[in-house]
Amino acid sequence: MMPYYWTPTTQQQMTPPVTLPSGRPPGREESYIENILRLNRGKPATFHFSFEHAVEQGKNTKTVRGVVEAAGRDHVIIRELKSNHRFLFPMIYFDFAEYDEEMAYFNQNP
């Protein structure tokens, strides 16, 4: 029986190219909701949220008229237009948004 010994070499290791979980190369934005909200930052819209618990007596929804200030993977910060009040909503409660003007979206060409 022959013993096995590992000897490091000076040969440079080749690293595989970086890819996103979807298999796309980095640098191309993915069309997740938070990315679409970021593309439309500052545009007036109506945002709809629903909750499993009641926000007010007998009501488990919240509608905010405002603009997105920031959006992350699990949250969105919305500034209400009439009062400048800011909301931090977890994305799990986000239902949909209605924009007053044309929305920005990703280039659909491959």
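Which residue forms a salt bridge with R79? This tour of a predicted model begins with the overall layout, passes through the interior and then returns to that question.

**Stop 1: the whole chain**

Display the whole protein as a cartoon. The protein contains 1 helix and 5 strands, and along the sequence these elements follow the pattern α-β-β-β-β-β. Next, turn on a surface. The protein exposes about 8800 Å², of which carbon and sulfur atoms supply 53%. Of the 110 residues in the protein, 26% are buried. Contacts also join parts that are apart in sequence: among contacts between residues at least 6 apart, 48% join residues at least 24 apart.

**Stop 2: the nonpolar core**

Hide the surface and select L37, F47, F49, V68, V76, I78 and F89. These residues touch the most other members of the largest nonpolar core, which has 16 residues. Now colour the strands one by one: β1 (45–50), β2 (61–71), β3 (75–80), β4 (86–90) and β5 (94–99). Each of these strands supplies at least two residues of this core.

**Stop 3: F49 and F94**

Select F49 and show its surroundings. Leaving aside residues up to four places away in sequence, F49 touches N60, T61, K62, V76, I78, F89, Y93, F94 and D95.

Keep F49 in view and add F94, which has its place in strand β5. F94 has a relative accessible area of 14%, and it therefore counts as buried, the limit being under 20%. With residues up to four places away in sequence again left out, F94 touches I33, F47, H48 and F49. The C-alpha atoms of F94 and F49 are 4.6 Å apart in space, although the two residues are 45 residues apart in sequence.

Now look at the rings themselves. The structure holds 7 aromatic pairs. In one of them, F49 and F94 meet edge-to-face, with 5.7 Å from centre to centre and 70° between the planes. Because F49 lies in strand β1 and F94 in strand β5, the pair ties together parts that are 45 residues apart in sequence. Both F49 and F94 are buried.

**Stop 4: F87 and F89**

Select F87 and F89 for another arrangement of rings. Their ring centres are 5.4 Å apart and their planes stand at 15°, so this pair is stacked. Both F87 and F89 are buried. To see the wider group, select F49, F51, F87, F89, Y93 and F94 together; ring pairs link these residues into a cluster.

**Stop 5: R65 and D100**

Leave the aromatic rings and turn to charged side chains. Side chains of opposite charge can pair when their charged atoms come close. The whole structure has 3 salt bridges. Select R65 and D100, whose side chains meet in a salt bridge at 2.3 Å, N to O. This pair links distant parts of the chain, since R65 is in strand β2 and D100 is in the segment after β5, 35 residues apart. R65 has a relative accessible area of 34% and is partly exposed.

**Stop 6: E69, R79 and R86**

The opening question can now be answered. Select E69 and R79: E69 forms a salt bridge with R79, and the closest N and O atoms are 3.1 Å apart. E69 lies in strand β2 and R79 in strand β3, so the pair ties together parts that are 10 residues apart in sequence. E69 is partly exposed, at 29% relative accessibility. R79 is also partly exposed, with a relative accessible area of 22%.

Keep E69 selected and add R86. The side chains of R86 and E69 meet in a salt bridge at 2.9 Å, N to O. Here the linked parts of the chain are strand β4, which holds R86, and strand β2, which holds E69; the two residues are 17 residues apart. R86 is partly exposed, at 46% relative accessibility. Finally, show E69, R79 and R86 at once: salt bridges that share partners join these residues into one network.

How values were computed: Residues numbered from 1 in each chain as written. Predicted model: local features only at pLDDT ≥ 70, side-chain atom pairs only at ≥ 80, totals over all residues. Heavy atoms only, no water. Core = buried A, V, L, I, M, F, W, Y, C linked by side-chain atoms within 4.5 Å. Buried < 20%, exposed > 50% of the residue type's maximum accessible area, 1.4 Å probe, protein only. Helix = DSSP H or I, 4+ residues; strand = E, 2+ residues; numbered from the N terminus. Contact = heavy atoms within 4.5 Å. Phe/Tyr/Trp six-rings, centres within 6.5 Å; stacked < 30°, edge-to-face > 60°. Areas by Shrake-Rupley, 256 points an atom, 1.4 Å probe, with all protein chains shown as cover. Salt bridge = Lys/Arg side-chain N within 4 Å of Asp/Glu carboxyl O.
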